[in-house]
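Here are my notes on the model, as numbered points. Please read them with the structure open.

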Amino acid sequence: MGGKVQEIKPLEVDKYPTDMLDGIKGIIYSPSRVRYPMVRLDWLKKHKYAAETRGNNRFVRVTWDEALDLFYRELERVQKDYGPWALHTGQTGWRQTGQMHSCNNHMQRAMGLHGYSVKKVGDYSTGAGQTILPYVLGSTEVYAQGTSWELILENSDNIILWANDPVKNLQVGWTCETHESFAYLEQLKEKVAKKEINVISVDPVKNKTQRYLGNEHLYVNPQSDVAFMLGMAHVLYNEDLHDKEFIDTYCLGFDDFIKYVQGETKDKVEKTPEWAAEICGVSADKIREFARMLVKGRTQILFGWCIQRQEHGEQPYWMGAVLAAMIGQIGLPGGGVSYGHHYSGIGVPSTGFAAPGSFPLNIDQGQTPKHTNQDFNGYSRVIPVARWWMRCLSRVRRSIQTVLW
C-alpha cells in the first residue's frame with residue numbers, strides 16, 4: 001500500500017516460522033538504515049583521506065552515478081599506482097536470500113572484471129573448523145549434510161549437544177529457511193520425555209534447546225572443552241573402554257596422542273579426570289560417569305560452531321573427532337560426530353534437487369581482467385578472514401593507500 005510493506009508472511013510450506021519475521025519491517029524502515037551513498041566531505045573536496053578528520057568531519061550525500069565514478073576512479077588509481085597487493089576485496093558476512101542475491105559474490109565478480117586483488121579465505125562462523133577438519137576427517141564437515149535426523153532418532157541412545165543450540169540457530173540458513181528440522185526436534189522432545197533417548201547439553205549456559213527439550217544440562221567452564229575431553233579420553237583408555245579395533249583400522253597417530261594423555265610426553269602431566277576437573281569445572285566423578293555413558297549404546301555427538309571461534313579453536317573440534325574415534329561409532333547410523341546439525345537444515349534428508357548458483361568470477365573462468373598486474377609485492381594473495389586487520393596494520397607501516405571493502 002503506497003509502496004510500503006504492510007505485512008510479512010512465512011512461506012506456506014514453512015510450518016515452523018521464526019519470530020524473526022516480526023522484525024523485518026523494522027529493519028526495512030529503520031531510521032538508522034543507510035538509504036543512499038554518502039561520502040566524507042573532506043575527502044570529496046581534497047580527494048585525499050586525512051586521519052585527523054576521523055570522527056569529526058561530516059558526510060554528504062552524492063548520487064549513485066557520482067558514487068560509482070568516485071569508486072571506479074579509486075580502483076584505477078590504486079591498481080595503477082600500487083597494484084593488486086593494495087586492494088583487499090575480502091568482504092564476508094550475511095546477504096539477501098540465496099546465491100543469486102549474494103552481495104559478496106557480485107562484488108567478487110565485479111572486482112574480477114577489473115583486476116587482481118587480495119581475497120579472504122574462510123569465514124567467521126567456521127574458520128578453525130574448516131581449516132583443521134580436512135586433515136582429521138577428510139572433509140570440512142562443518143557444511144556437510146551429516147547423518148539424517150531420521151537415522152539419529154531411530155538409532156541413537158545418547159545425543160550430546162555440545163555447545164550447540166539448534167532451536168535458536170536453525171531459524172536461519174544460507175537460503176530461504178523453511179524449518180523442516182523443527183519437526184524432528186518435536187519428535188526428539190517426545191523421545192526425551194519418554195526417556196527413549198538420553199540428551200545432554202554440554203554448555204556454559206542453559207540454552208533454548210535445553211529448555212525446549214527438557215534434557216539434562218552439564219555446565220562446563222567456557223573454553224575448557226578440550227580439558228574435559230582429555231579427561232574422558234584418559235578414562236576410556238585406562239578403563240579399557242575405547243574401541244581398539246576401530247582405532248587400529250581407521251586412525252593414525254593414536255599412540256602418540258595417548259602418550260600425551262598419560263603424561264609421557266610434552267608437559268609430563270597426566271590428563272586425569274582430577275586434572276581436567278580443576279580446569280573445566282566438571283567434577284572428576286562426573287567426568288568418569290560421562291565417559292562411561294558415551295560407550296553405553298549408540299552415541300551421536302553434535303557440535304556447535306561457537307567453541308572453534310577462539311584462538312586455537314581447532315583444538316576442541318580435533319579433540320572431538322578423537323573422542324568419537326575412541327568411542328568407535330563413526331559411520332554407524334545415529335553414532336559418531338557432526339559439526340553442523342544446528343544450521344541451515346543440515347540433517348534434513350536432501351531432495352536431490354540442485355539450486356541455482358552464483359555468477360562465476362571471470363578470472364576463475366580464464367577471462368582476462370582489465371588490469372593484468374599480478375605483482376603482490378611479496379604479500380600473500382589471501383588473508384584468513386579473521387586476520388585481515390593484522391595485514392592492514394602491517395601495511396599502514398608501509399604507507400598503504402587503500403583497503404577496499
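**Notes on the model**

1. Arginine 288 and aspartate 285 form a salt bridge through their side chains, at 3.7 Å from N to O; the term stands for a side-chain nitrogen of Lys or Arg within 4 Å of a carboxyl oxygen of Asp or Glu. The two residues are three apart in helix 14, so about one helical turn separates them. An α-helix has 3.6 residues a turn, so residues three or four places apart point the same way. Aspartate 285 is exposed, at 60% relative accessible area. Here buried means under 20% relative accessible area, exposed over 50%, and partly exposed in between, with a 1.4 Å probe and protein chains only.

2. On provenance, this is a predicted model, in which local features need pLDDT of at least 70 and side-chain atom pairs count only at pLDDT 80 or more, while totals for chains, interfaces and linings use all residues. Residues are numbered from 1 along each chain as its sequence is written, and side-chain values use heavy atoms, with hydrogens and water left out.

3. What else does arginine 288 meet in a salt bridge? Its side chain also pairs with that of glutamate 274, at 2.8 Å from N to O. This pair links distant parts of the chain, 14 residues apart: glutamate 274 belongs to helix 13 (residues 273-280) and arginine 288 to helix 14 (residues 284-294). Glutamate 274 is partly exposed, with 40% relative accessibility. Helices (H or I, at least four residues) and strands (E, at least two) are DSSP runs, numbered from the N terminus.

4. Helix 14 holds another such pair, lysine 286 with glutamate 289, at 3.3 Å from N to O. These two are likewise separated by about one helical turn, because they are three residues apart in helix 14. Glutamate 289 is partly exposed, at 47% relative accessible area. Elsewhere, salt bridges with shared partners join Arg73, Glu74 and Arg77 into one network. The whole structure has twelve salt bridges.

5. The aromatic pairs number 15. Rings of Phe, Tyr and Trp (its six-membered ring) pair if their centres lie within 6.5 Å; planes under 30 degrees apart count as stacked, over 60 as edge-to-face and the rest as tilted. Tryptophan 162 and phenylalanine 228 are a tilted pair, because their ring planes meet at 45°, with centres 5.6 Å apart. Tryptophan 162 is in strand 4 (residues 158-162) and phenylalanine 228 in helix 10 (residues 225-238), so the pair ties together parts 66 residues apart in sequence. Tryptophan 162 is buried at 0% relative accessible area, and phenylalanine 228 is buried at 0% too. Ring pairs gather Trp162, Phe228, Phe290, Phe303, Tyr317 and Tyr339 into a cluster.

6. Is helix 15 mostly covered or mostly uncovered? Eleven of its 14 residues are buried, which makes it mostly covered. Among the buried residues are Tyr317, also a member of the ring cluster, and Leu323. The end C-alpha atoms of helix 15 (residues 314-327) are 20 Å apart, in agreement with the 20 Å expected at 1.5 Å a residue; the expected span is 1.5 Å times one less than the number of residues. Glycine 328, just after the helix, has a positive phi of about 85°.

7. Two residues that are not glycine deserve a look at their backbone angles: lysine 195, with a positive phi of about 60°, and serine 344, with one of about 55°. Most residues other than glycine have a negative phi. Lysine 195 sits in the loop between helix 8 (181-193) and strand 5 (198-202) and is exposed at 75% relative accessible area. Serine 344 sits in the loop between strand 8 (336-338) and strand 9 (382-384) and is partly exposed at 22%.

8. Val34, Tyr36, Met38 and Phe59 make a nonpolar surface patch of about 390 Å². Methionine 38, in strand 1 (residues 38-40), is partly exposed at 39% relative accessible area. Patches consist of residues with over 30% relative accessible area and no salt bridge, like charges being joined within 9 Å and nonpolar side chains (Val, Leu, Ile, Met, Phe, Trp, Tyr) within 5 Å. Areas come from the Shrake-Rupley method with a 1.4 Å probe, and for residues only the protein chains shown count as cover.

9. The count of disulfides (cysteine sulfur atoms within 2.5 Å) is zero. Cysteine 280 is buried at 0% relative accessibility, whereas cysteine 306 is partly exposed at 41%.
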